Amino acid sequence: MQHDPHAYLTPFVVWENAFTPQELDAIVTLGDRLRLEKAVLVYGEGGSTTDDPSRITRTAWMGRAAETAWLYERMERVIRAVNQQVYRFDLTGFSDLFQYTVYHGEEGGHFDWHVDQIRQPAHRKLSASLQLSDPGSYEGCDLEIQGGVKPVAAPRTRGALVVFPAYVLHRVTPIRAGTRKALVVWAAGPPFR
Amino acid sequence: MSAAGNISTQSFVVWENAFSPQELDAIVAYGDRLRLEKASVIYEPGQGGGKDPVRITRTAWFPRVAETAWIYERLERIALALNQQVYHYDLVGFSDPLQYTVYQDDEGGFFDWHADQLEAPMPRKLSFSLQLSEAGSYEGCDLEIFGGSTRAPVAAPRERGIMVAFPSYVMHRVTPVTRGTRKALVFWAAGPRFR
């Protein structure tokens with residue numbers, strides 16, 4: 001990736017080949033062993049939660065354990081490199097555990113326009129989504145990012161890591177067939193200044 | 001300032017009574033004397049701007065001169081106070097002259113979704129909009145802001161004299177004006193890139 005002083009204004013940055021196909025298989029295996037729950041949105045002043053129709057997703061949190069240490073280390077290295085080359089934000093680590101996310105065709109999985117910039121438990125500054133499914137194995141379910149006037153769809157390539165500032169509006173369009181899996185992580189740091 | 005509550009969940013903050021009604025009249029009188037030009041919007045090719053207009057507005061720039069010094073000074077003071085209370089950004093000053101903006105119903109004035117961040121050594125970091133028209137004197141033309149942890153865009157207050165501020169990376173738009181004319185004074189505070 002070439003350094004571009006203005007790249008931080010592009011809707012998103014893509015890092016390919018962060019993981020081998022075998023490693024991607026291993027991530028999916030780890031994720032599929034977890035108990036997937038219907039995702040709940042937290043928003044508003046009181047952090048109220050509701051069964052919100054704007055998001056239909058199954059998620060599970062993938063903690064840092066002996067089994068996942070390699071995954072955390074790799075992700076840290078890649079996010080750090082993207083940040084050094086493009087965003088240069090002050091970052092202190094990940095805001096949350098890694099989120100394994102599954103969109104099912106039969107549930108009409110999707111996630112409406114939103115930003116990730118929440119401040120609890122830590123101030124999220126960069127969002128990253130790793131494509132875990134073969135693009136041909138599902139229809140719809142595009143990660144769209146609102147960088148300029150019109151939204152731009154992120155690449156569907158398996159293994160592509162899509163990185164963008166947590167304040168950028170994005171959505172996942174409804175899935176029409178198949179299943180899409182992704183690993184979503186957020187890097188945190190002191191508030192923007 | 002009515003920036004009550006937890007700003008982490010809000011997409012913008014509001015400052016009231018920055019100017020007296022007489023001062024607002026003076027700002028409008030000054031703006032109306034300027035030659036208003038059709039605003040152009042700069043977007044990179046390939047970003048989807050295409051042939052669809054994304055903005056129909058008349059704008060003019062307020063130079064910083066003896067006649068406008070009081071406006072600049074007041075806005076600077078408010079921008080600084082608001083930044084100290086809410087955002088805590090590194091700022092060096094305004095990025096551009098103050099922009100006087102007019103949306104007219106006879107041309108269907110509007111400004112589609114966009115963010116204000118631009119490529120610059122000192123990019124825009126905070127955006128401000130001061131309402132100069134009586135809320136009842138026009139229809140439509142809402143400044144809508146989509147950020148924070150709201151699930152949908154939120155319309156900014158329309159009251160004359162209200163100033164709205166939000167980070168320049170936040171998506172916002174002005175819906176089409178369907179009756180009357182809306183005037184606003186828009187400006188941006190700049191500083192070193194976010195970190």
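How many residues does helix H1 of chain B have, and how far does the helix reach from its first C-alpha to its last? Keep that in mind while you load the model, which is a predicted one.

**Stop 1: chain B as a whole**

Color chain B by secondary structure and you should find 2 helices and 14 strands. Of its 195 residues, 54% are buried. Switch on the surface: the accessible area of chain B is about 8500 Å², and carbon and sulfur atoms account for 52% of that. Now think about which parts of the chain touch. Taking contacts in chain B between residues at least 6 apart in sequence, 83% link residues at least 24 apart.

**Stop 2: helix H1 of chain B**

Select residues 21-33 of chain B. Here is the reply to the opening question: H1(B) has 13 residues and reaches 19 Å, close to the 18 Å expected at 1.5 Å a residue. Show side chains for B:Leu24, B:Ile27, B:Val28, B:Tyr30 and B:Gly31, the buried residues of this helix. Look down the helix axis and these buried residues fall within an arc of 160°, so they line one face of H1(B). Turn to the other side and you meet B:Gln22 and B:Arg33, both exposed.

What covers the buried residues of H1(B)? Add helix H2 (69-87) of chain B to your selection, along with strands E4 (58-62), E6 (98-104), E8 (124-131) and E14 (177-190) of that chain; the cover includes these elements.

**Stop 3: the core**

Next, pick out B:Leu185. Together with A:Met75 and A:Leu183, B:Leu185 touches the most other members of the largest nonpolar core, which has 93 residues. Setting aside neighbours within four places in sequence, the contacts of B:Leu185 include B:Ile27, B:Phe62, B:Leu75, B:Tyr100 and B:Phe128. You've already met B:Ile27, as one of the buried residues of H1(B).

Apart from this largest core lies another, of 6 residues, with A:Trp113, A:Leu169, B:Phe146 and B:Met171 among them.

**Stop 4: an open sheet in chain B**

Stay in chain B and bring up strands E3, E7, E13, E10 and E11. They form an open sheet of 5 strands in the order E3-E7-E13-E10-E11, with antiparallel pairing. Which strands stand at the edges? They are E3 (55-56) and E11 (154-155) of chain B, each with a single partner strand, so one side of each has no neighbour in the sheet.

Zoom in on the E11(B) edge. Strand E10(B), residues 143-146, pairs with E11(B) in the antiparallel sense over 2 bridges. Click B:Glu144, and you'll find its bridge partner in E11(B) is B:Ala155.

**Stop 5: helices of chain A**

Hop over to chain A and select residues 69-87. This is helix H2(A): 19 residues, reaching 25 Å from first C-alpha to last, close to the 27 Å expected at 1.5 Å a residue. Its buried residues include A:Leu71, A:Met75, A:Val78, A:Val82 and A:Tyr87. A:Met75 is the core residue named at Stop 3. Just past the helix comes A:Arg88, with a positive phi near 55°.

For a look at H1 of chain A (residues 21-32), click A:Leu30. Is A:Leu30 buried or exposed? It is buried, because its relative accessible area is 11%, under the 20% cut-off. Beyond its neighbours within four places in sequence, A:Leu30 is in contact with A:Met62, A:Glu67 and A:Thr68. Try the distance tool on A:Leu30 and A:Thr68: they are 38 residues apart in sequence and 8.3 Å apart in space, C-alpha to C-alpha.

**Stop 6: strand E14 of chain A**

Finish at residues 161-165 of chain A, strand E14(A), where 5 of 5 residues are buried. In a regular strand, side chains alternate between the two faces of the sheet. In E14(A), A:Leu161, A:Val163 and A:Pro165 are on one side, A:Val162 and A:Phe164 on the other, and both faces are covered.

Now show the partner strands. E1(A), residues 13-15, pairs with E14(A) in the antiparallel sense over 3 bridges, and A:Trp15 stands opposite A:Leu161. E10(A), residues 124-131, also pairs antiparallel with E14(A), over 5 bridges, and A:Ser129 stands opposite A:Val162.

Last click: A:Phe164, which is buried with a relative accessible area of 2%. Outside its neighbours within four places in sequence, its contacts include A:Phe12, A:Tyr87, A:Leu126, A:Ile145 and A:His170. A:Tyr87 takes you back to H2(A), where it is buried.

Conventions
Residues are numbered from 1 along each chain as its sequence is written. Chains are lettered from A and ligands numbered from 1 in the order in which they are written. This is a predicted model: local features need pLDDT of at least 70, side-chain atom pairs count only at pLDDT 80 or more; totals for chains, interfaces and linings use all residues. Side-chain values use heavy atoms; hydrogens and water are left out. Helices (H or I, at least four residues) and strands (E, at least two) are DSSP runs, numbered from the N terminus. Buried means under 20% relative accessible area, exposed over 50%, partly exposed in between (1.4 Å probe, protein chains only). Contact means heavy atoms within 4.5 Å. Accessible areas come from the Shrake-Rupley method with a 1.4 Å probe; for residues, only the protein chains shown count as cover. The expected span of a helix is 1.5 Å times one less than its number of residues. The arc is that of the directions from the helix axis to the C-beta atoms. Two strands pair if DSSP finds at least two bridges between them. A nonpolar core is a set of buried Ala, Val, Leu, Ile, Met, Phe, Trp, Tyr and Cys residues joined through side-chain atoms within 4.5 Å.
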